[in-house]
2 protein chains.
Amino acid sequence: MTTPRRPPGDRPVVALDVGGTHVKAAVLTADGTPLHTESADTRAERGPDAVLETILALAGGLARRFRPAAVGIAVPGIVDEASGVCRYSANLGWRDVPVRRWAEEELGLPVAVGHDVRAGGIAEARLGAGRGCRSFLFVPVGTGIAGAVLLNGRALLGGHGGAGEVGHLVVRPDGPPCACGARGCVEAIASASAIARRYRQLTGLPPQQQVSAEQVQQRARAGDAVAARVWREAVAALADGLLAAVTLLDPQRVVIGGGLSRAGAALLDPLRAALAERLTFQAAPELVPAELGHRAGSLGAGLLALDLLERTAADRADLVGAGERE
Amino acid sequence: MTTPRRPPGDRPVVALDVGGTHVKAAVLTADGTPLHTESADTRAERGPDAVLETILALAGGLARRFRPAAVGIAVPGIVDEASGVCRYSANLGWRDVPVRRWAEEELGLPVAVGHDVRAGGIAEARLGAGRGCRSFLFVPVGTGIAGAVLLNGRALLGGHGGAGEVGHLVVRPDGPPCACGARGCVEAIASASAIARRYRQLTGLPPQQQVSAEQVQQRARAGDAVAARVWREAVAALADGLLAAVTLLDPQRVVIGGGLSRAGAALLDPLRAALAERLTFQAAPELVPAELGHRAGSLGAGLLALDLLERTAADRADLVGAGERE
């Protein structure tokens with residue numbers, strides 16, 4: 001099928017990636033090239049309505065300036081992409097916020113709303129480390145560990161918008177408690193915050209002395225045995241989680257993103273070895289770092305907006321086609 | 001898009017489900033109604049070529065009698081559906097058998113070749129327990145434990161044809177060895193053969209005294225504490241496997257098939273409770289028994305053949321369209 005595509009012309013899209021700390025905005029051309037970027041502080045402590053106002057003001061300003069054809073908004077939490085409602089977002093203090101409807105009313109433009117990690121995965125699929133790959137798993141490892149399952153350039157939603165939660169696979173049933181309420185989730189052992197916490201715990205560092213996962217990794221390289229152990233445990237837990245994902249999904253590739261992926265070979269080399277050790281009959285996926293970094297979310301939000309335009313154009317074409325057949 | 005569909009007319013399809021013991025054949029109309037069924041013994045001990053000859057003779061006889069428009073063949077093992085090659089089948093003694101090419105040459109008909117569990121899942125999706133459901137997990141629990149991920153009536157292949165292996169999720173890292181080479185796979189604890197083996201082990205039954213998983217379950221109901229423990233361990237292992245699948249895939253439904261699903265509520269009730277206990281943020285899928293039983297594989301093979309005809313018709317339409325555009 002050749003999908004009728006609205007000629008992009010000179011109208012770009014506005015893309016927003018709403019995080020707990022910053023709202024990143026970008027203006028993108030129809031082929032995903034950024035024309036402009038800016039950001040605002042989320043300041044979620046002001047309450048859910050103020051956060052939404054910040055987003056709409058940012059989008060409104062860009063809309064007046066760049067005259068976009070559509071707007072894409074990526075948000076963290078539980079997002080119902082079909083209705084454009086954010087069901088729940090701990091980071092933003094939102095519960096059942098009809099983001100799309102309010103944004104469309106305010107901006108007078110078509111708006112697509114998506115889950116930030118799935119949007120990031122879509123961006124990696126089309127513009128980043130997932131290019132040329134029919135099926136891959138996108139796993140951002142940062143303060144938490146998230147995930148998205150990408151199939152032919154689209155992200156698997158799941159029956160309730162919850163697919164892809166690699167971080168909450170239980171790999172140590174008697175392991176440390178996780179924020180989700182379970183014990184021994186991948187996130188509770190292999191996330192940047194879990195690595196720092198565990199190192200502090202084992203070394204007895206006072207809480208006021210900051211240590212990051214990056215520092216733990218550097219100390220491990222410098223010969224600190226406790227740091228090496230914590231890093232090894234994190235890699236093993238992540239490998240166990242990936243093993244489960246590979247067994248169920250058989251992806252061609254696993255794309256590791258997030259802050260921890262900046263460790264590069266120090267993370268990917270032992271992770272690749274640990275995963276290979278665990279595979280029995282399963283085919284080994286390629287294990288590669290993400291390419292788009294912190295821009296993945298806003299690029300993905302832009303792609304959601306472009307998809308929306310394409311779909312709108314296709315729907316119109318279908319109507320025309322149906323009329324002609326009558 | 002409205003897919004051009006070849007008018008089914010009066011030509012049925014021939015469907016074969018090749019198992020390690022029997023080859024089940026069915027002749028199906030275009031809406032999946034069986035016109036005729038028969039079966040032959042696989043007798044895999046005769047060698048791979050003889051098995052293929054049996055299949056082709058069975059299909060050839062039905063083709064002469066029913067004049068089908070296409071043939072669908074479901075086989076166990078590692079199947080490359082795109083090329084119609086069975087890469088490896090322990091049950092049939094096959095390695096790199098180009099089933100589709102040989103069958104098409106022999107029969108002079110279009111042939112679709114698929115993986116037996118994915119084919120069964122497609123049948124459950126369109127004709128059985130997955131009807132009306134966008135995303136579900138099909139888990140046949142029998143001698144082994146297999147799985148298929150169904151999305152919009154189609155089965156997820158994975159990057160190497162290996163998606164859906166719920167039975168090989170590791171849930172007890174120090175658990176019993178599994179045939180796949182790992183330890184503590186769901187299959188090594190919750191399959192019918194694992195349940196029987198574990199009961200024999202704990203009770204010290206002599207090897208010559210047969211006991212089935214069904215009997216273990218009956219003894220558990222009758223108050224046999226060892227049987228109850230074995231059943232409980234199996235349910236817990238299966239629930240841990242399903243928890244991982246739900247966390248990654250967020251299916252709307254989980255369809256339990258295979259011989260063990262005949263235990264009905266004795267399996268599904270405690271399994272549902274055990275899964276519910278383990279969920280933290282994940283939405284609970286519906287947990288239901290399969291509807292098509294041992295017919296799922298051959299019905300699925302028939303659906304693959306019907307899909308092939310539909311695709312062939314659609315390809316032709318595209319060619320016509322392309323010609324017109326030139």
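To place one chain on the other, the copies are superposed by least squares on the C-alpha atoms of residues with pLDDT of at least 70 in both. Keep that in mind for what follows, since the model you're looking at is a predicted one.

Let's start with how the two chains sit relative to each other. In general, two copies of a chain are related by a rotation about an axis and a shift along it. Here, chain A lands on chain B after a rotation of 180° with 0.0 Å of shift along the axis, and the RMSD is 0.1 Å. The two copies are thus related as by a two-fold rotation axis. If you want to find that axis on screen, go to A:A244: its C-alpha is 3.7 Å away, and no residue of chain A comes closer.

Now for the place where the chains touch. Chain A brings 39 residues to the contact, and chain B brings 39 residues as well. All of the interface residues of chain A (100%) are interface residues in chain B too, so the copies meet through the same surface. Put together, chain A and chain B bury about 2,900 Å² between them, with carbon and sulfur atoms giving 67% of that area. Three residues to click on are A:H160, A:L248 and A:D250: they supply 23% of the area that chain A buries against chain B, more than any other three residues.

What holds for charges and polar groups across this interface? The rule finds 0 salt bridges between chain A and chain B, while the count of residue pairs in polar contact, both at pLDDT 80 or more, is 14. On the chain A side, the elements that give two or more residues are β10 (148–151), α7 (225–249) and α9 (296–325). The largest share, 6 residues, comes from α7(A). Sorted by class, the side of chain A that touches chain B has 20 nonpolar, 14 polar and 5 charged residues.

Finally, have a look at a sheet in chain B. Strands of a sheet pair through backbone hydrogen bonds, either parallel or antiparallel. This one is an open sheet of 5 strands with mixed pairing, and its order is β11-β10-β9-β12-β13. The edge strands of chain B are β11 (154–155) and β13 (286–289), each of which pairs on one side only. Follow β13(B) inward and you meet its partner, β12 (residues 253–257) of chain B; the two pair in the parallel sense over 4 bridges. To see the strands side by side, pick B:I256, which stands opposite B:P289 in β13(B).

How values were computed. Residues numbered from 1 in each chain as written. Chains lettered and ligands numbered in written order. Predicted model: local features only at pLDDT ≥ 70, side-chain atom pairs only at ≥ 80, totals over all residues. Heavy atoms only, no water. Contact = heavy atoms within 4.5 Å. Buried area = accessible area lost by both parts, 1.4 Å probe. Salt bridge = Lys/Arg side-chain N within 4 Å of Asp/Glu carboxyl O. Polar contact = N/O pair within 3.5 Å; in protein donor to acceptor, adjacent residues only side chain to side chain. Nonpolar A, V, L, I, M, F, W, Y, C, P; charged D, E, K, R; others polar. Pairing = 2+ DSSP bridges.
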